[in-house]
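Hello,

Here is the structure I promised to pass on to you. Have a look at it first, and then read my notes below.

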Amino acid sequence: MRLLALILLIGAAAAVPREDGKIIGGQECEPHSRPWMASLNYGYHFCGAVLINEQWVLSVAHCWYNPYAMQIMLGEHNLRVFEGTEQLMKTQNIIWHPSYDYQTLDYDMMLIKLFRPVEITDYVKPIPLPTSCPYAGLPCSVSGWGNIATGEEVNMPARLQCLDMPILEDEKCEKAYPGMLTRRMVCAGYMDGGRDSCNGDSGSGLVCLGEVHGLVSWGRGCAMPGYPGVYVKVCEFLPWIDETMKANM
């Protein structure tokens with residue numbers, strides 16, 4: 001899904017598909033160490049999301065799919081193995097941010113209400129929303145099951161991948177993407193490349209000090225020098241998240 005964002009923003013020629021289909025430069029997460037992680041699924045994983053309370057999941061709007069077909073997988077580590085920790089949920093409602101712009105990916109956020117509340121366990125539990133906005137140098141971690149489609153095939157890692165990365169200075173981000181950023185976006189990663197979230201990680205959480213500060217949104221290619229990943233800045237959406245959940249009890 002991050003590939004879709006790249007095509008919309010800078011053209012297919014600039015997109016760099018990754019044949020390994022995972023977070024680049026990362027490693028397998030400690031199993032079930034990210035109990036808030038969710039997989040958006042319609043027969044196979046296509047985007048990530050984060051559980052923010054017993055009945056609501058947060059993701060990016062460009063991952064929208066037919067709510068009658070979408071399923072939410074929680075408690076997963078290995079997508080190809082039944083581990084006995086999983087909870088499979090149907091959706092009750094999917095709500096885009098009303099200002100979402102599919103061309104610029106501004107306001108790239110959606111809330112998903114689950115058909116019923118999850119059972120809170122050691123393997124499925126929500127992550128807190130941010131209590132402040134992120135600052136440059138803040139240590140963070142991103143995780144996901146990013147996948148790559150080659151032709152009609154789907155290639156994805158079975159196990160959840162993790163990568164530690166810092167929040168980057170606004171100046172570096174603006175230099176990488178002049179005129180393309182808004183206050184609702186933040187860059188994270190490494191300017192020298194080699195480590196990054198990638199295609200299929202869209203919607204996965206950027207977690208800093210135990211709070212979800214970002215959601216994987218877009219970028220130029222994957223792990224390219226000079227082009228860090230761009231994330232939805234969750235702190236800018238706190239009033240909308242709160243109002244939307246209260247209006248859809």
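**Cysteine pairs and hollow spaces**

Cys140 is buried, and Cys208 is buried too. Keep in mind as you read that this is a predicted model.

These two cysteines are a good place to start, since they belong together: Cys140 and Cys208 form a disulfide, with 2.0 Å between their sulfur atoms. In case the word is new to you, a disulfide is a covalent bond between the sulfur atoms of two cysteines. The link of Cys140 and Cys208 is right-handed, with 100° about the S-S bond. It ties together distant parts of the chain, as Cys140 sits in strand β8 (residues 139–144) and Cys208 in strand β13 (residues 205–208), 68 residues apart.

How many disulfides does the structure hold? There are five of them, and I will walk you through two others.

One of them joins Cys173 and Cys187, whose sulfur atoms are 1.7 Å apart. This link is right-handed, with 50° about the S-S bond. Here a helix is tied to a strand: Cys173 lies in helix α2 (residues 170–176) and Cys187 in strand β12 (residues 185–188), and the distant parts they link are 14 residues apart. Both Cys173 and Cys187 are buried.

Another disulfide is formed by Cys47 and Cys63, with their sulfur atoms 1.9 Å apart. Why is this disulfide left-handed? The torsion about the S-S bond of Cys47 and Cys63 is about -70°, so the disulfide is left-handed. The pair connects distant parts of the chain, 16 residues apart, with Cys47 in strand β3 (residues 45–53) and Cys63 in the loop between β4 (56–59) and β5 (71–74). Are these two cysteines buried or exposed? Buried means under 20% relative accessible area. Cys47 has a relative accessibility of 0%, so Cys47 counts as buried. Cys63 is buried as well, because its relative accessible area is 0%.

Now for the chain as a whole. The protein chain has three helices and 15 strands. It is made of 249 residues, and 53% of them count as buried. Its accessible surface comes to about 10700 Å², and carbon and sulfur atoms account for 52% of that. Look at the contacts too: among those in the protein chain with a separation of 6 or more, 74% are between residues 24 or more positions apart.

Next, the spaces in the protein. The second largest pocket holds about 160 Å³ of space. Which strand gives the largest share of its lining? That is strand β6 (residues 87–96), with five residues. The full lining is Trp64, Pro67, Tyr68, Ala69, Met70, Gln71, Lys90, Thr91, Gln92, Asn93, Ile94 and Phe115. Sorted by class, the lining of this pocket has seven nonpolar, four polar and one charged residues.

There is also one cavity of 30 Å³ or more. The largest cavity has a volume of about 30 Å³. Among the residues that line the largest cavity are Cys29, Glu30, His32, Arg34, Glu76 and Leu160. Its lining divides into three nonpolar, three polar and three charged residues.

If you open the model yourself, you could begin with Cys140 and Cys208, the disulfide between strands β8 and β13, and then go on to the pocket lined in part by strand β6.

Best wishes

Conventions:
Residues numbered from 1 in each chain as written. Predicted model: local features only at pLDDT ≥ 70, side-chain atom pairs only at ≥ 80, totals over all residues. Heavy atoms only, no water. Disulfide = S-S within 2.5 Å. Helix = DSSP H or I, 4+ residues; strand = E, 2+ residues; numbered from the N terminus. Buried < 20%, exposed > 50% of the residue type's maximum accessible area, 1.4 Å probe, protein only. 1 Å grid on protein atoms, 1.4 Å probe; cavity = no way out; pocket = protein on both sides within 12 Å on 5 of 7 lines; lining within 4 Å. Points joined across faces, edges and corners; volume = space filled by probe spheres on them. Nonpolar A, V, L, I, M, F, W, Y, C, P; charged D, E, K, R; others polar. Contact = heavy atoms within 4.5 Å. Areas by Shrake-Rupley, 256 points an atom, 1.4 Å probe, with all protein chains shown as cover.
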